[in-house]
Amino acid sequence: MDQHTDSGQDPVETTSGNHAGHLVQGVSMEQNGYLLQEVAAPGTIGEAGELSLTITGPDGAPVTEFDTSHEKDAHLIVVRTDGTGYRHVHPVLDEAGRWSLPWQWEAAGTYRVYADVVPAGAGKNLTLTRTVDVAGAFTPSTPEVTVTDEVDGFQVSVEGDLSAGSASDLTISVTRDGQPVTTLEPYLGAYGHLVALRAGDLAYLHVHPEGAEPVAGEVSGPDVEFATTAPTPGRYYLYFDFQVDGQVHTAQFTLDTTGAADTRTSADATSEGHGEH
Ligand SMILES: [Cu+2]
């Protein structure tokens with residue numbers, strides 16, 4: 001994995017810059033004058049339809065030009081508010097500035113939709129979000145802390161401490177039938193793509209892939225490294241997309257920050273006397 005070490009800072013992950021206090025995105029439908037308009041989607045479970053959205057710019061007109069980031073012009077993340085039902089998809093843009101893709105819900109509840117885009121001229125990545133309600137009986141799940149997942153025959157685990165307020169290194173390992181998987185293919189500019197959301201407000205953390213940058217046609221594994229910073233103590237949902245034999249799989253983890261007793265919320269944590277709020 002160290003055969004082709006990074007010669008510089010990875011150019012694909014410079015989106016949110018180094019601004020202190022800007023560690024999360026994805027809690028607002030507006031950023032820098034760019035506004036995520038209402039998200040259209042089927043209103044009930046099992047109804048085949050389309051999910052679509054439009055982003056308007058500071059001038060109020062739909063944005064029709066986007067820059068490529070992580071190999072795509074837009075990344076859509078959809079997750080239910082309890083952290084389940086995660087999907088990471090890439091919609092298609094029409095000339096009028098409308099992004100869409102075929103869509104069907106599998107479970108009722110309220111979902112968060114994140115559009116991760118770089119409007120041409122905006123100069124930076126934006127993560128705009130709105131909620132979508134899906135009718136039906138909703139039984140929220142209460143995710144336990146879990147650092148391993150089994151998906152499509154792969155066993156995936158995450159190692160490393162997520163500490164609040166400072167950069168954390170996380171190593172994700174993929175095995176199959178007890179054997180390390182060394183055939184991870186480049187996916188979205190790295191050997192896997194990690195999304196981290198904060199339980200409570202589903203804020204979207206900035207995550208850097210670490211280590212060697214992928215070379216087209218080369219494979220890696222079983223370890224993939226990332227760095228992220230949990231802005232506050234508490235619980236986080238992690239979603240790791242990886243590609244093997246052209247197929248993308250998603251593993252899910254739930255982590256609590258270390259140094260924080262079990263499942264405290266950040267509100268509880270402030271009573272410890274950090275005095276930051
Ligand atoms: Cu994407």
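## The β20–β21 hairpin

In the hairpin formed by β20 and β21, two residues lie between the strands, and D245 takes a positive phi near 50 degrees. The model is a predicted one, and this hairpin serves here as the point of entry to its strand architecture. Strand β20 covers residues 235-244, and β21 covers residues 247-256; the two pair in the antiparallel sense over 10 bridges. Within this ladder, F242 has H249 of β21 as its bridge partner.

Strand β20 is also paired with β16, again in the antiparallel sense, over six bridges. In that pairing A196 is matched with L238 of β20. Strand β20 is largely enclosed by the rest of the structure, because seven of its 10 residues are buried. As a general point, side chains in a regular strand alternate between the two faces of the sheet.

## Overall composition

The protein chain contains one helix and 21 strands. It has 277 residues, of which 35% count as buried. Among contacts in the chain with a separation of 6 or more, 68% are between residues 24 or more positions apart.

## The largest nonpolar core

The largest nonpolar core comprises 56 residues, and those touching the most other members are V113, A115, A196, L197, Y236, L238 and F240. Strand β20 supplies the largest share of this core, six residues. Domain 1 (24-134) and domain 2 (143-265) each contribute at least three residues to the core. The bridge partners A196 and L238 are both on the list of core residues that touch the most other members.

V113, another residue on that list, is in contact with V39, L76, V78, T129, R130 and V132 when its neighbours within four places in sequence are left aside.

## R130 and its surroundings

R130, one of the contacts of V113, is found in strand β11, residues 126-134. Is R130 buried, exposed or partly exposed? R130 is partly exposed, because 17 other C-beta atoms lie within 10 Å, whereas the buried class requires 20 or more.

Residues up to four places away in sequence aside, R130 touches M29, L36, V39 and V113. The contact with V39 spans 91 residues along the chain, and the C-alpha atoms of R130 and V39 are separated by 7.3 Å. V39 is also listed among the contacts of V113.

## Pairing of β3, β4 and β9

Strand β4 (residues 49-56) is joined to strand β3 (residues 34-36) by two bridges, and these strands run antiparallel. L35 has T56 of β4 as its bridge partner. Strand β4 also pairs with strand β9 (residues 98-103), in the antiparallel sense and over six bridges. In this second pairing G49 stands opposite W103 of β9.

## Y191 and the cis peptide bond

Y191 lies in the loop between β15 (179-180) and β16 (193-198). Despite this loop position, Y191 counts as buried, because it has 27 C-beta neighbours inside 10 Å. Not counting residues up to four places away in sequence, Y191 touches L184, P186, P214, S220, G221 and V224. Y191 and E210 are 19 residues apart in sequence, with a C-alpha to C-alpha separation of 9.8 Å.

G221, one of the residues touched by Y191, precedes a cis peptide bond: the bond from G221 to P222 has omega near 5 degrees. P222 lies in the loop between β18 (207-209) and β19 (223-229).

## Loop residues with positive phi

Most residues other than glycine have a negative phi, and most peptide bonds are trans. Against that background, two loop residues merit attention in addition to the hairpin residue discussed at the outset.

D152 is not a glycine, yet has a positive phi of about 50 degrees. D152 lies in the loop between β12 (148-151) and β13 (154-159), and counts as exposed because it has 12 C-beta neighbours inside 10 Å. L202, also not a glycine, has a positive phi of about 55 degrees. Its position is in the loop between β16 and β17 (204-205). Is L202 buried or exposed? L202 is buried, because 21 other C-beta atoms lie within 10 Å. The two residues thus share a positive phi, whereas D152 is exposed and L202 is buried.

Terms used
Residues numbered from 1 in each chain as written. Predicted model: local features only at pLDDT ≥ 70, side-chain atom pairs only at ≥ 80, totals over all residues. Helix = DSSP H or I, 4+ residues; strand = E, 2+ residues; numbered from the N terminus. Contact = placed C-beta atoms within 7 Å. Pairing = 2+ DSSP bridges. Core = buried A, V, L, I, M, F, W, Y, C linked by C-beta atoms within 7 Å. Domains from an automatic or database assignment.
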